[in-house]
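Here is a short tour of one protein model, written for someone who is just getting used to looking at structures. Have the picture open while you read.

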Amino acid sequence: MATAVSPQTDAPGAHEDATPQIVQLDPQLLVRDTCNAREHDTEPDEKLIASVKELGVEEPISVRPLPDGTYAVFKGWRRAQAAQAANASAEQDGRPVRLVNAYVREDLIGRDGWTRLLSLVENDHRASMSERDTLRAQELALIDMNDVDRRTAAKALGVGRSAAKQAKAAQKLDDAALRRAAAGGMDLEQTAQLAEVQDVRGAEHRLLRALQRDQEKGNGGRGHWDQELALLRAEQTDAAARAKALAELEAAGIPPVKGPLYGQKDPSHPLSELTTALGNPLTEDNHKGCPGHSARLDDEHQPVWYCANPAEHGHKVRPKPKKPRTEQDEKAAEERRKVIACNRAWKAAAGPRQDFVTRLVRMKTLPEAARVFAQEVLLTLPYYYSSWVDKHDSEAVARFLGLKDPEKTDLTETAAQLPKARVVNALFAHVAAACEYGIREPKTWSHLTPWQARYLLLLESLGQADNGSYQLSEVEQQAVAGHRPDAAV
């Protein structure tokens with residue numbers, strides 16, 4: 001946000017003992033002084049206009065009177081234009097029409113050189129606050145307010161209701177990351193979300209790239225951002241689960257198997273490949289007393305039991321020869337890694353998708369395509385819908401409707417209080433809940449049915465119509481690829 005700078009008193013030799021008086025002027029009487037030093041970027045930005053709409057122009061501007069009764073602004077022209085824009089829509093928005101406090105400098109009439117110098121000094125000395133200082137000031141200012149003032153301040157700053165918490169969270173980033181976030185166009189909420197997942201490798205680059213993709217569409221949506229953030233959160237959760245599993249092994253006194261140094265052979269073997277000296281199988285239970293008892297975590301963070309050095313501890317490798325790893329084995333391993341990644345991505349995609357369904361349900365007017373889809377399901381009763389109805393699961397419906405404590409809500413009371421205009425929204429929430437239940441399993445991406453694909457494609461089209469506010473994730477795009485209308489051509 002642009003910051004106002006209090007004007008200076010007269011320069012030496014220019015009526016030092018004459019302090020200009022502040023008067024209130026109609027913004028419509030203000031014009032740009034031809035000696036205003038700022039000739040580029042003279043238009044007020046949206047943040048400045050939003051601030052002036054809520055708070056007015058806090059700092060006085062500086063003007064010279066003109067013969068035609070107008071006033072030439074040589075300090076604060078952007079603030080003056082913001083006041084004009086705010087007053088232009090004041091009546092429509094139900095806001096007061098405000099005057100602007102100004103220093104009227106009659107002593108500068110005919111003194112163009114000195115006027116230009118004073119304008120230059122103000123613009124040259126003005127420095128933007130650091131990103132960290134801005135966040136800290138936002139946090140402290142919003143916390144130390146009552147609810148009414150906080151709503152006004154949030155509108156003035158162009159931030160949401162959770163701005164104080166977001167500002168505090170964003171400060172976890174270092175100064176360089178804060179500068180890159182601001183330069184990349186991240187808003188306060190997005191900066192806070194970056195701070196949330198910054199420990200995931202490559203998070204900043206991935207989020208900036210997603211933001212750029214949203215910006216390239218030019219419609220103000222953040223569908224790509226939401227999907228990338230959901231995937232980063234899933235990876236963060238996965239890493240936390242792995243760290244927890246390792247910590248549990250450590251707490252149990254079981255060391256993880258360490259990889260060999262460069263050029264050395266790995267002596268460890270899984271217990272499934274070993275026997276006792278007498279040829280009996282080795283298991284977790286009968287191997288616990290061995291000094292080499294250790295483990296590795298598999299891709300799902302479950303322990304695979306090992307002996308760190310079987311030869312040293314008297315174990316034998318099973319006589320059955322180990323088959324050499326083939327190209328087919330490599331392909332199977334790669335396919336397994338892909339399945340795990342897709343399963344995780346499918347689970348992550350549910351968050352942005354259900355958030356979008358919630359926004360649709362809470363719209364004043366449900367999109368026509370969503371209404372038709374819901375009505376068709378209710379009239380035809382496809383098996384996936386009727387089977388979900390039999391479960392009497394109302395939690396998802398309550399969540400989509402925005403009800404408090406959805407897991408405890410009695411929808412009977414909600415139905416009685418539901419306005420007629422919201423009935424179709426509630427019906428869509430009901431149908432969407434059934435669809436979400438039908439695609440809840442992580443492996444759904446690998447065998448998507450036509451009705452499941454239709455549901456996802458509907459949401460995709462509604463997201464595009466809503467300024468790109470929702471995009472299908474990569475795994476969802478992969479799953480519906482064969483169900484798109486042009487895929488059969």
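Let's start with a word we'll need: a residue counts as buried when its relative accessible area is under 20%, and as exposed when that value is over 50%. Keep in mind, too, that this is a predicted model.

**The sheet**

With that word in hand, look at strand β3, which is mostly covered: five of its five residues are buried. Both of its faces are covered, with Ile-61, Val-63 and Pro-65 on one side, and Ser-62 and Arg-64 on the other.

Where does β3 sit? It belongs to an open sheet of five strands, in the order β1-β5-β3-β4-β2, with mixed pairing. The edge strands are β1 (22–25) and β2 (30–32), and each of them pairs on one side only. Going from one strand to the next, the twist averages 50°.

Now for the pairings. On one hand, β3 runs parallel to β5, joined over three bridges, and here Ile-61 stands opposite Ala-102 of β5. On the other hand, β3 pairs with β4 in the antiparallel sense over four bridges, and Val-63 faces Val-73 of β4 in that pairing. The hairpin of β3 and β4 has five residues between the strands, and Gly-69 takes a positive phi near 90° there. Further along, β2 and β4 (residues 71–75) run parallel and are joined by three bridges. In that pairing, Leu-30 has Tyr-71 of β4 as its bridge partner.

Helix α2 (residues 77–88) packs on this sheet, where it touches β2, β3 (61–65), β4 and β5 (100–104), and its direction makes about 135° with that of β2.

**A closer look at α2**

Why can we say that α2 is largely enclosed by the rest of the structure? Ten of its twelve residues are buried, so that description fits. Among the buried ones are Trp-77, Arg-78, Arg-79 and Asn-87. Its length checks out as well: at 1.5 Å a residue, the twelve residues of α2 should span 16 Å, and the end C-alpha atoms are 17 Å apart, which agrees.

You can try the length check on helix α11 (residues 223–251) too. Its 29 residues reach 42 Å from the first C-alpha to the last, close to the 42 Å expected at 1.5 Å a residue. After α11 comes Gly-253, with a positive phi near 75°.

**Two helices side by side**

Two packed helices are described by the angle between their axes and the distance between the axes. Helix α5 (residues 131–143) and helix α7 (residues 163–170) pack at an angle of about 145°, and their axes are 8 Å apart. The crossing of α5 past α7 is left-handed. From α5, the contact is made by Leu-135, Gln-138, Glu-139, Leu-142 and Ile-143, while α7 brings Ala-163, Ala-164, Ala-167, Lys-168 and Ala-170. Sorted by class, the contact of α5 with α7 has seven nonpolar, one polar and two charged residues.

**Two histidines with a positive phi**

Most residues other than glycine have a negative phi. Two histidines in this model go the other way, and here they are in a table.

| Residue | Phi | Loop between | Relative accessibility |
|---|---|---|---|
| His-301 | near 65° | β8 (293–297) and β9 (303–307) | 11% |
| His-392 | near 55° | α15 (383–389) and α16 (395–400) | 72% |

Buried or exposed: which is His-301? At 11% relative accessibility, His-301 counts as buried, because the cut-off is under 20%. His-392, at 72%, counts as exposed.

**Two buried residues in helices**

Leu-457 is found in helix α19 (residues 450–465). Its relative accessible area is 17%, so Leu-457 is buried. Which residues does Leu-457 touch, leaving aside its neighbours within four places in sequence? They are Val-480, His-483 and Arg-484. Leu-457 and Glu-476 are 19 residues apart in sequence, and their C-alpha atoms are 9.5 Å apart in space.

Thr-414 is found in helix α17 (residues 411–417). Thr-414 has 17% relative accessibility and so counts as buried. Leaving aside its neighbours within four places in sequence, Thr-414 is in contact with Leu-401, Leu-403 and Thr-409.

Notes
Residues are numbered from 1 along each chain as its sequence is written. This is a predicted model: local features need pLDDT of at least 70, side-chain atom pairs count only at pLDDT 80 or more; totals for chains, interfaces and linings use all residues. Side-chain values use heavy atoms; hydrogens and water are left out. Two strands pair if DSSP finds at least two bridges between them. Helices (H or I, at least four residues) and strands (E, at least two) are DSSP runs, numbered from the N terminus. Axes are lines fitted to C-alpha atoms, for helices over the stretch in contact, and angles run from 0 to 180 degrees between N-to-C directions. Contact means heavy atoms within 4.5 Å. Buried means under 20% relative accessible area, exposed over 50%, partly exposed in between (1.4 Å probe, protein chains only). A crossing is left-handed if the near helix is turned anticlockwise from the far one by less than a right angle, and right-handed if clockwise. Ala, Val, Leu, Ile, Met, Phe, Trp, Tyr, Cys and Pro count as nonpolar, Asp, Glu, Lys and Arg as charged, and the others, Gly among them, as polar. The expected span of a helix is 1.5 Å times one less than its number of residues.
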